[in-house]
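Visitor: I am new to this structure and should be grateful for a close look at a single part of it. Please describe how the helices there are placed against one another, and then what else deserves attention.

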Amino acid sequence: MNLTESVIFVKMRQYRYFFLVGLILHLTVIYVIIIQPTSDQLNYIKEQQSEISISRPMFKELQQTQREILNKRSANLDYEYVLEEIKKINRQAKYVPGKFQKIQGIFVFGAYLDHRLQGEPMVRILALQKLKDTDSLVCLFQKDEKYFLTYTEKYEMCENHGKVYGGYMYSCSIPKHFIGHPEQVTLMILTDDEQEETIYHTINLSPLHKRRNITSDSIGVCLAPLYGDIRSSQIIQFMELSKILQATNVFVYKFNVSKNTDILLNYYSADKFVKVIDWSIPENIQDYEIWSKGQLLAIQDCIYSNMNRFKYLLFLDLDEMLIPKTSASWIEMTQELEVADNSRKVAAYSFKSSFFDPKYQSNLDQSIQFLQLRERTVSTSEVRSKVIIRPERVFEVGIHHLSRSLDDAYTSVSVDQSMALIHHYRPCVSNFDQTMECYPTITDSSIEIFATELKEQVTKTQQIMAKVYNHFQNVTYFKNE
């Protein structure tokens, strides 16, 4: 390389150096003026990123397949994805209170705001879906212009009995960055089918009522769903004896009943003693595909809808009655139980049952079935037991037992039959109960102390309803029922 070539090479290196320096300065100016976010923008981005952080499921019951779905989809749930998905909410279906709402393959009945766990507010969601379905739900909360997204914890209820469809409880935590109490939650599906279009449902949250000074004179009765042909006399005797035993309210889940039954329930609703909840299973679900008209879901709704409204909730069928043996009412009975046990640790009291077979009508002078049947099995059933609960201490109740308390410190106490017993007015069965014996039987007249008042109240109600039914041209009301 000669001198001239060397000079040219040096100058080219200098020009290239100055070009690169100039380019860097130019890009820096563009970034500072145009691209760089302001401090406010940076703070907003940080807030948004924290607000949409995903809460991971914690329940031990969460299946491995569910975890795999969450891991598979969580990568897509970044901020931009969430904002795009939120825009679709305008196309969501309208929520109809008291009805199952279909979100792809999951049918949601209700959502409840739960503040019972200190510092961990939750939303509890009652749902119905196929037992083999691994899909889950995601909760989306909105506060002003901000959005909060959390996964749900999926819990299968205790008594689905291997049917096609079963009850589930979904729980999603309310993000710590959410200020105040949400009034609604928007639900969307979490599925391993990435081709399926996302559908949204916004549901009003029912708050679990703030705890007040609940006295011992508040007992709610939750009835299993009513359906089919029901003798009106059976409803009247149940309601009137419940009043005598000092029930505060009875909650009736009405599935499919006759016009006469409907009018009778309206009569009891008029004085606020009975609250009727319309109960219907989604049309595409056949009766054989679900256990007992979805009774398990109705039970949980009765608990969560009445949390902290009552000190106690009692669960019965229409052909059952809890008869105290040493007290004159359910109120006195619970007071005795509280003295006998460490009530601070009790979530439920469990009562054994005994069968009063209708073929043994030992008191034919009576027209009321509760008073006619006095012969019961000597043997009592713990399998067909029923419970009275402290609802604020309960997570889930089965048809015959406390399934899960809110905290492991709470227990279920079995009540001796000398104190109270479930009278089950039906033929004796020993299925699934190896200790139950249908013979021998004994005479049990413990209901006699309520007989006089019960006859008076039943007669009074029958007279009133006879006039009501005559008005509706149903003159055969009592003769045939």
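Guide: The account below follows a group of helices, then turns to two backbone details and a pocket. The model is predicted, so that local features need pLDDT of at least 70 and side-chain atom pairs count only at pLDDT 80 or more, while totals for chains, interfaces and linings use all residues. Residues are numbered from 1 along each chain as its sequence is written, and side-chain values use heavy atoms, with hydrogens and water left out.

Helices (H or I, at least four residues) and strands (E, at least two) are DSSP runs numbered from the N terminus. Axes are lines fitted to C-alpha atoms, for helices over the stretch in contact, and angles run from 0 to 180 degrees between N-to-C directions. Angles under 35 degrees count as roughly parallel, over 145 as roughly antiparallel, 65 to 115 as roughly perpendicular and the rest as oblique.

Helix α5 spans residues 232-244 and helix α6 residues 259-270; their axes come within 10 Å and cross at roughly 15°. The two helices, α5 and α6, are therefore roughly parallel to each other. Their contact (heavy atoms within 4.5 Å) brings Ser232, Ile235, Ile236, Met239, Glu240 and Lys243 of α5 to Asn260, Thr261, Leu264, Leu265 and Tyr268 of α6. By class, the residues of this contact are six nonpolar, three polar and two charged. Here Ala, Val, Leu, Ile, Met, Phe, Trp, Tyr, Cys and Pro count as nonpolar, Asp, Glu, Lys and Arg as charged, and the others, Gly among them, as polar.

Helix α10, residues 451-471, packs against α5 at an angle of about 130°, with the axes 9 Å apart. For this reason α5 and α10 are oblique to each other. From α5, Ser233, Ile236, Gln237, Glu240, Leu241 and Ile244 take part, and from α10, Glu453, Leu454, Gln457, Val458, Thr461 and Gln462. Five nonpolar, five polar and two charged residues make up the contact of α5 with α10.

The axes of α6 and α10 come within 11 Å and cross at roughly 125°. Accordingly, α6 and α10 are also oblique to each other. Lys259, Asn260, Thr261, Ile263, Leu264, Tyr267 and Tyr268 of α6 meet Thr461, Ile464, Met465, Val468 and Tyr469 of α10. This contact of α6 with α10 has eight nonpolar residues, three polar and one charged.

The loop between α5 and β12 (249-257) holds Gln246, whose phi is near 70°, a positive value in a residue other than glycine. Elsewhere, a cis peptide bond with omega of about 5° joins Tyr439 and Pro440. Pro440 lies in the loop between β22 (420-424) and β23 (441-443). Most residues other than glycine have a negative phi, and most peptide bonds are trans.

Finally, there is the largest pocket. Its lining has 28 residues, of which Ser292, Gln295, Asp317, Arg384 and Arg426 lie nearest its centre. A pocket is an open set of points on a 1 Å grid over the protein atoms alone where a 1.4 Å probe fits, with protein on both sides within 12 Å along at least five of seven lines; lining residues have an atom within 4 Å of a point. The lining of the largest pocket comprises eleven nonpolar, seven polar and ten charged residues.
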